[in-house]
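Biologist: Before we talk, could you put the chain and its model in front of us, so that a newcomer can follow each step?

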Amino acid sequence: MAATNSDLEIKVTSPIDSLRTESGVVAVEHLPAEIPIQVTAKTGTLTAIALEYGGQSREITPDYTLIIKNKAQCGPYTLTAKTDQGAVLTVTANVVYQVKASCDIRYRITAMDVKEIYEGNVLLKSFPEPQRIDLVNANTVADQENERLAGWIGKQDGGTYTLKGSLVVEIHNISTGQVYGTYDTDADFDPLTGGFGWTPQTFIAFATMRSAALTYQAPVKLDVKAMWCSEDKQAVYGKLAAQDKGVPELLYPYQTTSVTFHKDDIKLSRNHQYLGLEWDYTPETKEFTDGESKTQTEITQQIYYQIPAADFYFKFKDCEGNDLSVAINAPATVKRGSDYSFTVTYLNSGNNPAYDVPLKDTVDGAAIEEIPAVQDFSPNQSQTYTVKRTADTKADEIHLWANIGVPEGFSDGNLANNTATAIIKVIDPTPEPPPGKPNNPPDSPNQPDNPSSTPDQPPVKKEPCDLSANILAAPTVYEHEEYNFTVNFTNQSFVTLHDVPLLGKNNENILPQIPKMADFAPQGTKSYTVTGTAGSAGEIYHLWANVDVPESFMDENPLNNTAVSSIKVIKRPTDNPPPDNPSNPDNPSNPVNPSNPVNPSNPDNPSNSLCDVWVNLSSPPMVYEREGYSFTVYFANSTDKALSDVNLNVDINGKTVSAVPATTNFKPYEKKSYLVTSTAGPKGVPIELTAKVSPPSGYKDINQGNNQVSAQIMVLERLYDLNVQRITPDCYKENQSVITTVKVGNQGSLDFTPGQNVTVLFQIPELSFSKRLDAVVMEKDTWNVISLRWDTPNVETDKNITLIATINPDRSLNNESTTNNNVYTQKAIIKNVTYEPPLESRALPDPPKRDEQPRVTWWEQRYENGQFVWHEYYAELKVSATLDYDTKAKGYLKSGYGYSVSVSTSVSTNYDRPELITAPQTAEIYLPEFRYETAIPLVKEGGQFIFRENPASPFLYRRQYIPVWFPDRDYIAQLLVTDLHTPGGTLSKWLTGGELQIKVVDSMYDDDVTTGDE
């Protein structure tokens, strides 16, 4: 059996032929015979060589000579060689005796008839009929027989098996080539030896061939594989087997090989973070032990037939701890046909990079081509894209949408901010004004970074009032007859109100009987009666009335500003004729005389027992959860009789209202109203109102269809819109403590006190800076400013940064009408501060005029003693400075000599958060010899700004020297003190002359002796 790709080679040589690394037949013709055996290792080193014959085994050397003394020593000899790499090769050399030919009739060995297969001494398989396998070159098993041998053995365990049987010879004529037949030397022994005239020696040779043996080494099936997976092995990213790397599926004991796996053999997303390598063997042995490494990225496994199942795990984890987000900054409106632009900012917040991040974005559903589909992000990097478009749509809105996806191998800490939307209202442009009437100039925009801009003023406090509306209407009306109802508007407050807007509707038709405006005296009521003719039965008239607050007023209870009711048209019963004066039932022409009733002897049991009582509701359409509300119930007697003990009932969600009596008495045509107050439950649970009226005992109601009404009031949560309006400033200097101010707004119907914990998250991704500002307070429909202090880093060059402010970042306040304006992004810069060496000039200009901002004011909203209060704060920078020199007492200084400077600063403020006001951090002096153009920076020591050590001074004095050439005139210095940061802006102060002025007379060359003022 050929041993392909064997690590070992065994060569058995006889005087006639030889075997090389295979089982087969070795023939000898003369006895005693010497058969050389050579064993070599192609890989590794030989560790053992064993020769087995007749059940006995002995160790031999790599170069060994086997002596066959007589025919009895012919037969199967088994050789087993081993290496230190684990390879094992076993071959069987069947030594047979043959006679040298002396005539033309010859035999040659062509095959072997296998009868039995043994595993050691145990019979594994026997054949009822011998199975013939072909031999090549008289001694070697043909390659095509390997599959048959493997099938007979039926094992892939690396074991050694012995095939026993007899050799098959072919008889032929060497001269003519004629073949006389093929004979099994055992089964056909008699016919083989009975003809052809063999010599006795040939008989002996055939006898040795009757019992032959071959060894077969079964292969093993390799189970060596690698897996790319998560740390818990539950998520599998890829697999490779050793066969995928070129290793054969079956390995014979005489073969060894190796395989190398590397973590990059399977390409994963760059976001995956490598955790290390683990290797497991099943079963684990002393030679093959499990293990792991946090740093190893590659492993090479040596393989031989005794290796157990081996699994290698390259472990990865998703990149965690980051937050991908997107924000859109867009204008609120754009004129139709005009150009507009907006920005989309994508942000990777965290200390890890994000690779291959998918970006999606649309304008009215169309993809934005300017923004790439995939983007890599460095740690804490933001990428802002400016998109320009033209508002050429016919629609009234432009819808913007952007999404930052989560790439493979990345775990996003907050998926709630991965999508941003915005709506731009499209408005039609205002027509051009007629000639001679130019447009009014637009309002000046806020310029928070401009020192001269006016600070934001708090909104004007509106005076409180309380207006209400209700509707008095019968619940039913007969078809094609006249009807009326009354709308009442009331000023519940104690102030006079002018130009109060009023509005009433019947099925969306505006009621002309109600004026658009009305004045109200304190506690005054305006009533408007609306008449009409009913239509067909089944129609319903939905009545609606609203009163709004006039300018400069605020309604303390806006829920009762609106009232709703309804009237249903019904058929008149045949037994109920119309009244004598149906158009004016409340003022009949012949009313009952109270002193002479129709049935004075028994008014409660009249002979005519018919009556008509009705009930209706006037209620607000909606209320706010957990807040108080009210509605009005109207009961009426529409007959000309007085009624006693009329039954009344009103309930809210099935519970009877105690404010309405169970019974009451009515005069003819009398109406009674009851104001019911209660408290709403949770949002989403409507309030069900029911009101009933029934006639007294002994009476029959001629129109029972108006004896009961119901209404539903929706319970809502107060809507609000939190927004970020700006971030200032947008320019900073390196290595400073700075103040950033964020303006936020609250539009809607809900006040935010400290207990509601409005939060603003401030971030600078490029600096990995993040800070939360909690308990922001804002009254409804107002704004506020919040400030924070942070330190700028040292920068080698100007550094661009992104300031991001997000209000309600956790969406803990979940009833915002929109979140499109919750994020504000401001591009900013940190300036590198470098002072250039000054250049002298003999052209001496006058000190230039400078802009300064020594004082700022700003407003902040606070919540104090249960109410919102606005405070105006200020901060003012004060600076004093002096120049000192040796001849100051004489009132002059000669040119060439030096002077020192001393600058003191102080801050005056009424601000109650002093930590948000920094000290001045920069002082610079500008001198005439440098044309007041180049700053000389001062340093702060001991609370004062002074000169740095002057390298031009031999003793490094902290002095500046007047040039020797400076003429006799006043030497005027200019001083700037700045970078005192406050919530209202940065303070700066210039000083010119005064204590910073020196009279120069003569020069140092006029002195005979040096005074030491180098």
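**Contacts, cores and ring pairs**

Modeller: This is a predicted model, and a good place to begin is valine 169, which touches Tyr107, Arg108, Ile109, Gly181, Thr182, Tyr183, Thr185, Leu192, Phe206 and Met209 when residues up to four places away in sequence are not counted.

Biologist: Which residues touch the most other members of the largest nonpolar core?

Modeller: In general, nonpolar side chains in soluble globular proteins tend to be buried together. Here the largest nonpolar core has 57 residues, and those that touch the most other members are Ile10, Leu167 and Val169.

Biologist: And which strand gives this core its largest share?

Modeller: The largest share amounts to 6 residues, and they come from strand 9, residues 88-97.

There is also a second, separate core of 39 residues, which includes Ala881, Ile917, Phe930 and Leu980.

Biologist: On how many sides of helix 1 do the buried residues Leu149, Trp152 and Ile153 lie?

Modeller: Helix 1 spans residues 146-153, and Leu149, Trp152 and Ile153 are buried in it. These residues cover an arc of only 95 degrees around the axis, which puts them on the same side of helix 1. The face turned away from that buried side carries the exposed residues Glu147 and Gly151. The buried three therefore share one side, the arc being only 95 degrees.

Biologist: Is the aromatic pair of tryptophan 228 and phenylalanine 314 stacked or edge-to-face?

Modeller: A pair of aromatic rings is described by the distance of the centres and the angle of the planes. For tryptophan 228 and phenylalanine 314 the centres are 5.0 Å apart and the planes differ by 20 degrees. Since planes under 30 degrees apart count as stacked, this pair is stacked.

Biologist: How many residues apart in sequence are the parts that this pair ties together?

Modeller: Tryptophan 228 counts as buried, at 0% relative accessibility, and phenylalanine 314 counts as buried at 0% as well. Tryptophan 228 lies in strand 17 (residues 224-230) and phenylalanine 314 in strand 24 (residues 309-317), so the parts tied together are 86 residues apart.

Biologist: What is the radius of gyration of the protein, set against that of a compact globule?

Modeller: The C-alpha atoms fill a box of roughly 165 × 135 × 55 Å along the principal axes. A compact globule of 1014 residues would have a radius of gyration near 31 Å, but for this protein the value is 54 Å.

Technical notes: Residues are numbered from 1 along each chain as its sequence is written. This is a predicted model: local features need pLDDT of at least 70, side-chain atom pairs count only at pLDDT 80 or more; totals for chains, interfaces and linings use all residues. Side-chain values use heavy atoms; hydrogens and water are left out. A nonpolar core is a set of buried Ala, Val, Leu, Ile, Met, Phe, Trp, Tyr and Cys residues joined through side-chain atoms within 4.5 Å. Buried means under 20% relative accessible area, exposed over 50%, partly exposed in between (1.4 Å probe, protein chains only). Helices (H or I, at least four residues) and strands (E, at least two) are DSSP runs, numbered from the N terminus. Contact means heavy atoms within 4.5 Å. The arc is that of the directions from the helix axis to the C-beta atoms. The radius of gyration is taken over C-alpha atoms; the globule rule is 2.2 Å times the number of residues to the power 0.38. Rings of Phe, Tyr and Trp (its six-membered ring) pair if their centres lie within 6.5 Å; planes under 30 degrees apart count as stacked, over 60 as edge-to-face and the rest as tilted.
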